[in-house]
Amino acid sequence: MDGVKRLLASRLLWMLLGIFGFASLLNLAHGGLMRDPRFIAVPHFGGAAVPAWGDRALVDPVMARLEALGPISLLDRAFESQVRGALVDCPVVASVRAVHRHWPRRYSVEIIYRRPAVVLMEGGERVPFTWEGVRLPREPYARASRGLFVIEGVREPIPEPGASIRSEAFLDGVAALRQVAPYLPELRPLGIRLVDVAQPAAVVFRTRSGVPVIWGRPRARFGENSVEMKIAYLRSALDRLDVLEGWQIDVRYSQPFKRATPS
């Protein structure tokens, strides 16, 4: 009995009970506030930033996801994770940079949008993809896809928006473009217009004049000229554009100019 009396008289016990009671009251109060309609918020995109390469149509899929999420309390402990979760598989969203509360009934998000890098053709329509092979929806990227290189010769099926294409040929195509991209302004007279990956042995750039540029295997480490040497050969081709008809430019090895082989 003496031990029980001493325990009941202990300041530590009453302090712990007080803390527990206060925390319980806070939880009750928080639960009530979460249901308070004054703090139930909806998304606000009036001033949403859109990248210079895109247009306002990029915002529409984001708004659709957040509207489907429905009103949510700004006081909800899971508020930010719910907002981020609603956008985790949105095809246009690369990542959510930040979620902002605008008291008392609004919130906004900062989005890093996926940017198209190349297009594939499907039924005469241009289908945009990122460098990583993620398919993007056509409509929001209509303007951003203009002027992008076309990769042709990919035999694998085109996936749904937001999914990645499973194609080694596609990866070869974008790898070749990444290698040549820094030099494209000076190589503009060649008129490189699309990337042909139909042949497993080499990526081929097709030019406006019909002269093929056999680039090779961009992901191979050995057996071909370096990127710098390949570019040097293409620079030399600029001086003889008027006599290249009926030829092909094969920059993989030591003899870059060859008579085209009839297909």
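This section describes helices, core packing, aromatic pairs and selected contacts in a predicted model.

The largest nonpolar core has 35 residues. Within this core, I151, F170, F205, L234 and I249 touch the most other members. At least two residues of the core come from each of β5 (118–122), β6 (125–129), β7 (149–152), α5, β8 (192–196), β9, β10 and α6. The largest contribution is that of α5, which gives six residues. In soluble globular proteins, nonpolar side chains tend to be buried together.

Helix α5 spans residues 168–180 and has 13 residues. The distance from its first C-alpha to its last is 19 Å, close to the 18 Å expected at 1.5 Å a residue. Buried positions in α5 are A169, F170, G173, V174, A175, A176, L177 and V180. One of these, F170, is also among the core residues that touch the most other members.

The N-terminal end of α5 is capped by S167, a residue in the loop between β7 and α5. S167 counts as buried because its relative accessibility is 4%, below the 20% limit. The side chain of S167 reaches two backbone nitrogens of the helix: that of A169 at 3.4 Å and that of F170 at 3.0 Å. The contact with A169 is made by a side-chain oxygen of S167.

In helix α6 (residues 227–237), the buried residues are K230, I231, Y233, L234 and A237. Seen down the axis of α6, these residues fall within an arc of 155°, so they line one face of the helix. L234 is one of the residues with the most contacts to other members of the largest nonpolar core. K230, also in α6, is buried, with a relative accessibility of 3%. A polar atom of the K230 side chain lies 2.7 Å from the backbone oxygen of W215. K230 also lies over the face of W215, at 5.0 Å from the ring centre. The side chain of K230 is thus described by two relations to W215, one to the backbone oxygen and one to the ring. A further charge over a ring is that of R240, which lies over the face of F257 at 4.2 Å from the ring centre.

Five aromatic pairs are present in the structure. One of them is formed by F39 and W103 and is edge-to-face, with 6.1 Å centre to centre and 80° between the planes. This pair links distant parts of the chain, 64 residues apart. F39 is in the loop between α2 (11–34) and β1 (40–43), whereas W103 is in the loop between β3 (93–102) and β4 (106–113). F39 counts as buried because its relative accessible area of 19% is under 20%. Another pair, F205 and W215, is tilted, with 5.6 Å centre to centre and 50° between the planes. F205 belongs to strand β9 (residues 203–207) and W215 to strand β10 (residues 212–216), and the two are ten residues apart. F205 is buried at 0% relative accessibility, and W215 is buried with a relative accessible area of 0%. F205 is among the core residues that touch the most other members, while W215 is the residue whose ring face lies under K230.

W103 also takes part in a cis peptide bond, which joins it to P104 with omega of about 5°. P104 lies in the loop between β3 and β4. Most residues other than glycine have a negative phi, and most peptide bonds are trans.

Two further loop positions were examined for their exposure and for their distance to residues elsewhere in the sequence. E245 is in the loop between α6 and β11 (247–250). E245 counts as exposed because its relative accessibility is 72%, over the 50% limit. The C-alpha atoms of E245 and S209 are 7.7 Å apart in space, with the two positions 36 residues apart in sequence numbering. A142 is in the loop between β6 and β7 and is partly exposed, with a relative accessible area of 39%. A distance of 9.3 Å separates the C-alpha atoms of A142 and V127, which are 15 residues apart along the chain.

Technical notes. Residues are numbered from 1 along each chain as its sequence is written. This is a predicted model: local features need pLDDT of at least 70, side-chain atom pairs count only at pLDDT 80 or more; totals for chains, interfaces and linings use all residues. Side-chain values use heavy atoms; hydrogens and water are left out. Helices (H or I, at least four residues) and strands (E, at least two) are DSSP runs, numbered from the N terminus. The expected span of a helix is 1.5 Å times one less than its number of residues. Buried means under 20% relative accessible area, exposed over 50%, partly exposed in between (1.4 Å probe, protein chains only). A polar contact is a pair of N or O atoms within 3.5 Å; within protein, one must be able to donate a hydrogen and the other to accept it, and residues adjacent in sequence count only if both atoms are side-chain atoms. Rings of Phe, Tyr and Trp (its six-membered ring) pair if their centres lie within 6.5 Å; planes under 30 degrees apart count as stacked, over 60 as edge-to-face and the rest as tilted. A charge sits over a ring if NZ of Lys or CZ of Arg is within 6 Å of the ring centre and within 35 degrees of the ring normal. The arc is that of the directions from the helix axis to the C-beta atoms. A nonpolar core is a set of buried Ala, Val, Leu, Ile, Met, Phe, Trp, Tyr and Cys residues joined through side-chain atoms within 4.5 Å.
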